[in-house]
Amino acid sequence: MNGKLRIILSLGLAVSIFSSRLVAHHGAAAYDTDKKVTVKGTVTDWLWSNPHCILQLDATDDSGQVVHWVTETENPRA
């Protein structure tokens with residue numbers, strides 16, 4: 001009985017550790033999801049990978065300076 005209890009507790013601990021990382025990964029705390037921004041520019045790089053794609057582009061701001069943008073998109077299947 002002691003061995004089975006030890007295995008069950010170990011599995012429960014492992015599940016709780018790995019599942020907390022999944023929840024943290026999909027949090028939106030680092031993003032302002034209410035603000036919409038439109039950027040027109042030239043795509044300089046498109047990193048196509050799971051679970052998210054990265055789009056890099058150069059755009060000109062109001063003063064005529066080139067600004068480098070990096071955006072994160074959904075997964076490639078979306």
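1. **The aromatic pair.** In this predicted model, the aromatic rings give a count of one pair. The partners are Trp-46 and Trp-48, with ring centres 5.8 Å apart. Their planes stand at 40 degrees, so the pair is tilted. Why tilted? Planes under 30 degrees apart would count as stacked and planes over 60 as edge-to-face, so the rest are called tilted. Two values carry the description, because a pair of aromatic rings is described by the distance of the centres and the angle of the planes.

2. **How open are the two tryptophans?** Trp-46 is partly exposed, at a relative accessible area of 38%. Trp-48 is exposed, at 57%. The cut-off explains the wording: exposed means over 50%, so Trp-48 qualifies. Trp-46, at 38%, falls in the range between buried and exposed.

3. **The overall plan.** Step back to the whole chain. It has one helix and three strands. Along the sequence they follow the pattern α-β-β-β. Helix H1 covers residues 2-25. How many of the residues are buried? Of the 78 residues, 5% count as buried.

4. **The sheet.** The three strands form an open sheet in the order E1-E2-E3, and the pairing is antiparallel. Strand E1 (42-47) and strand E3 (66-72) are at the edges. Each has a single partner strand, so one side of each lacks a neighbour in the sheet. From one strand to the next, the twist averages 20 degrees.

5. **E1 against E2.** These two strands pair in the antiparallel sense, over five bridges. One position to check is Leu-47, which stands opposite Ile-54 in E2. A hairpin of six residues joins E1 to E2. Asn-50 lies in the loop between these two strands. Is Asn-50 buried or exposed? Asn-50 is exposed, with a relative accessible area of 63%. Now compare sequence with space. Asn-50 and Glu-74 are 24 residues apart in sequence, while their C-alpha atoms are 8.7 Å apart.

6. **E2 against E3.** Strand E2 spans residues 54-60, and seven bridges join it to E3. The two run antiparallel. Two partners in E3 can be named: Thr-71 for Leu-55, and Val-67 for Ala-59. This pair of strands also forms a hairpin, with five residues between them. Look at Gly-64 in the turn: its phi is positive, about 90 degrees.

7. **The two faces of E2.** Which residues of E2 are covered? The covered face holds Leu-55, Leu-57 and Ala-59. The uncovered face holds Ile-54, Gln-56, Asp-58 and Thr-60. Two of the bridge positions above belong to the covered face: Leu-55 and Ala-59. Ile-54, which sits opposite Leu-47, belongs to the uncovered one.

8. **A nonpolar patch.** Which residues make the nonpolar surface patch? They are Val-37, Val-39, Val-67 and Trp-69. The patch measures about 290 Å². Val-37 comes from the loop between helix H1 and E1, whereas Val-67 lies in strand E3.

9. **A closer look at Val-67.** Val-67 appears in several points, so gather its details here. Val-67 is partly exposed, with a relative accessible area of 30%. Its bridge partner in E2 is Ala-59. Between Val-67 and Gly-41 there are 9.3 Å, C-alpha to C-alpha. Along the chain, these two residues are 26 residues apart.

Conventions. Residues are numbered from 1 along each chain as its sequence is written. This is a predicted model: local features need pLDDT of at least 70, side-chain atom pairs count only at pLDDT 80 or more; totals for chains, interfaces and linings use all residues. Side-chain values use heavy atoms; hydrogens and water are left out. Two strands pair if DSSP finds at least two bridges between them. Helices (H or I, at least four residues) and strands (E, at least two) are DSSP runs, numbered from the N terminus. Axes are lines fitted to C-alpha atoms, for helices over the stretch in contact, and angles run from 0 to 180 degrees between N-to-C directions. Patches are made of residues with over 30% relative accessible area and no salt bridge: like charges are joined within 9 Å, nonpolar side chains (Val, Leu, Ile, Met, Phe, Trp, Tyr) within 5 Å. Accessible areas come from the Shrake-Rupley method with a 1.4 Å probe; for residues, only the protein chains shown count as cover. A salt bridge is a side-chain nitrogen of Lys or Arg within 4 Å of a carboxyl oxygen of Asp or Glu. Rings of Phe, Tyr and Trp (its six-membered ring) pair if their centres lie within 6.5 Å; planes under 30 degrees apart count as stacked, over 60 as edge-to-face and the rest as tilted. Buried means under 20% relative accessible area, exposed over 50%, partly exposed in between (1.4 Å probe, protein chains only).
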